[in-house]
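Please look over the sequence and the structure shown here before reading the notes beneath them. The notes are grouped by topic and are meant to be read with the structure in view.

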Amino acid sequence: MELLDPVLQSYPWGSRTHLARITGADAPTSKPWAELWFGAHALASATVAGTPLDELIAQDPAAALGYAIDTDNGRLPFLLKLLAADEPLSLQAHPTLAEAQEGFARENAEGIPATAHFRNYRDNNHKPELIVALTTFDALAGFRPVERTKELLATLAVPELDHYMGLLDAADDESALRALFTTWLTLPQDVLDELVEAVAAKCADYSGDDEEFSRVAETTCELARKYPGDPGVLGSMLLNRLRLQPGEAIYLGAGQLHAYLNGMGVEIMANSDNVLRGGLTSKHVDVVELLRVLSFRPLPDPVLQSWLTDDGWNDYDAPVREFRLRSRDLEPGEHVLLDEESATVVLSTAGTVALRHDDSVVEVPSGHAAWVPAVDAVDIELTARQDGATVFVATVPRVG
């Protein structure tokens, strides 16, 4: 049971203030801080007293993982992150497990280096993910039902879009969304330039009272300014436009198109960094591969409702076998017990929490996390220090 030293990821969309402030670092930072990785990914493992966590687990997987040893072939099944965005992330989706295994093997056979910027599959795992807002958090997540999108496009009344509206009259929503999205992402650049400009102009003039449509119009204008002529600007209009309040969450399974826009949150996923991008980024975009993995089934409500357990935890019960995430606010001096029996990461997002197991005590300040191997994850006492604390506990659900 020891503190984790996370991997800091600096991406252009990151924040120069959010992660610095939550960790107690000086702000603003010299470069954007986008993510802190508290996990054991092979390409960016956190460390424990200087030893990469993935190597530490490999030394004694049974002691480290407990009953989770078979969940991901002796590896830590989940990757926990703090994420902070001041600008939109790319329009993206993640593969199924079978797609990831096939793609990883294919790119290995092609001799593409694991860290190459144009590589799609950096590992052989899928990436279902859950994010819990710590601040107001804006996102695009999952395709909106077609009838609602028809209403949006009719309200905006962009004459240049009339040519494409008939594609939404297909026999079912999935066929309609596939036809329109694929068409938009593969238009010639001169057509895209004209279409994105026309759409942005109409969005700038939108003055209706539909809250979601107002946010769509605002977001479309922002994206068009940052990425003129990018097909992702058009594709973004087909997605649910969400605004989460602190404590609210989004769950996204394989193939669900999304783009986080701004805010800070706690994110947990299967232990993977496989991302297929379709636009809104300077990173590698592979439209063909993205279309292979996309699910065009509408996602009417991507918001995942937490539930309050009998012992006082907010449980974000995602339908996956790789991770379980819970949170709790602790009053100053309040004690709670953990009894997990599997690999566990305890993250503080406010205040300091002390972890005690037998005679061992680890202090976890805000923005930091502790690694608790399964062998120690029994009868752990959590105690909030003088200012209270907010803690997130990541572990692996017991199956059966």
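What follows is a briefing on a central strand, aromatic pairs, nonpolar cores, salt bridges and cysteines. The model is a predicted one. Within it, strand β14 (residues 258-270) is mostly covered, with 12 of its 13 residues buried, and a search of the whole structure finds zero disulfides, while the salt bridges number 24.

**Strand β14 and its partners**

- Strand β8 (residues 78-85) pairs with β14 in the antiparallel sense, and eight bridges hold the pairing; within it, Leu79 has Met269 of β14 as its bridge partner.
- Strand β10 (residues 129-133) also runs antiparallel to β14, and the two are joined by five bridges; here Glu129 is the residue that stands opposite Met269 in β14.
- Strand β11 is joined to β14 by four bridges, again with the strands running antiparallel, and in this pairing Ala139 stands opposite Tyr260 of β14.

**Aromatic pairs**

- The structure has six aromatic pairs. In one of them, Phe137 and Tyr260 have ring centres 5.4 Å apart and planes at 70 degrees, and because an angle over 60 degrees counts as edge-to-face, the pair is given that description.
- Phe137 belongs to strand β11 and Tyr260 to strand β14, so this pair ties together parts of the chain that are 123 residues apart in sequence.
- Both rings belong to buried residues, since the relative accessible area of Phe137 is 1% and that of Tyr260 is 2%.
- Another edge-to-face pair is made by Phe143 and Phe181, with 5.7 Å from centre to centre and 80 degrees between the planes. This pair links distant parts of the chain, as Phe143 lies in strand β11 and Phe181 in helix α7 (residues 173-185), 38 residues apart.
- Phe143 is buried at 0% relative accessibility, and Phe181 is likewise buried at 0%; together with Phe296, these residues form one aromatic cluster.

**Nonpolar cores**

- The largest nonpolar core has 50 residues, and those with the most contacts inside it include Phe143, Phe181, Leu161 and Trp184. Helix α8 (residues 189-204) gives the largest share of this core, namely seven residues.
- Leu161 touches Leu153, Trp184, Leu195 and Val199, when residues up to four places away in sequence are not counted.
- A second core, separate from the largest one, has 41 residues, among them Leu65, Phe78, Ala84 and Met264.

**Salt bridges**

- Arg243 and Asp138 meet through their side chains in a salt bridge, with 2.7 Å from N to O. The pair links distant parts of the chain, for Arg243 is in strand β12 (residues 239-244) and Asp138 is in strand β11 (residues 137-143), 105 residues apart.
- The two ends of that bridge lie in different settings: Asp138 is buried at 4% relative accessibility, whereas Arg243 is partly exposed at 33%.
- Glu289 and Arg292 form a salt bridge whose closest N and O atoms are 2.4 Å apart, and both residues lie in helix α11 (residues 287-293), three residues apart, which is about one turn of the helix. Of these two, Glu289 is buried at 6%, while Arg292 is partly exposed at 44%.
- Glu363 and Arg385 are also joined by a salt bridge, at 2.4 Å from N to O. Glu363 lies in strand β22 (residues 360-364) and Arg385 in strand β24 (residues 380-395), and the two are 22 residues apart.
- Each residue of this last pair is partly exposed, Glu363 with a relative accessible area of 34% and Arg385 with one of 31%.
- A network of salt bridges links Arg144, Arg148, Glu151, Asp210 and Glu212.

**Cysteines**

- No disulfide is found in the whole structure. Cys203 is in none, and the nearest cysteine sulfur to its own is that of Cys221, 5.1 Å away; because a disulfide needs sulfur atoms within 2.5 Å, these two cysteines do not count as one.
- Cys203 is buried, with a relative accessible area of 3%, and Cys221 is buried as well, at 10% relative accessibility.

Conventions: Residues are numbered from 1 along each chain as its sequence is written. Side-chain values use heavy atoms; hydrogens and water are left out. A salt bridge is a side-chain nitrogen of Lys or Arg within 4 Å of a carboxyl oxygen of Asp or Glu. Buried means under 20% relative accessible area, exposed over 50%, partly exposed in between (1.4 Å probe, protein chains only). A nonpolar core is a set of buried Ala, Val, Leu, Ile, Met, Phe, Trp, Tyr and Cys residues joined through side-chain atoms within 4.5 Å. Contact means heavy atoms within 4.5 Å. Two strands pair if DSSP finds at least two bridges between them. Rings of Phe, Tyr and Trp (its six-membered ring) pair if their centres lie within 6.5 Å; planes under 30 degrees apart count as stacked, over 60 as edge-to-face and the rest as tilted.
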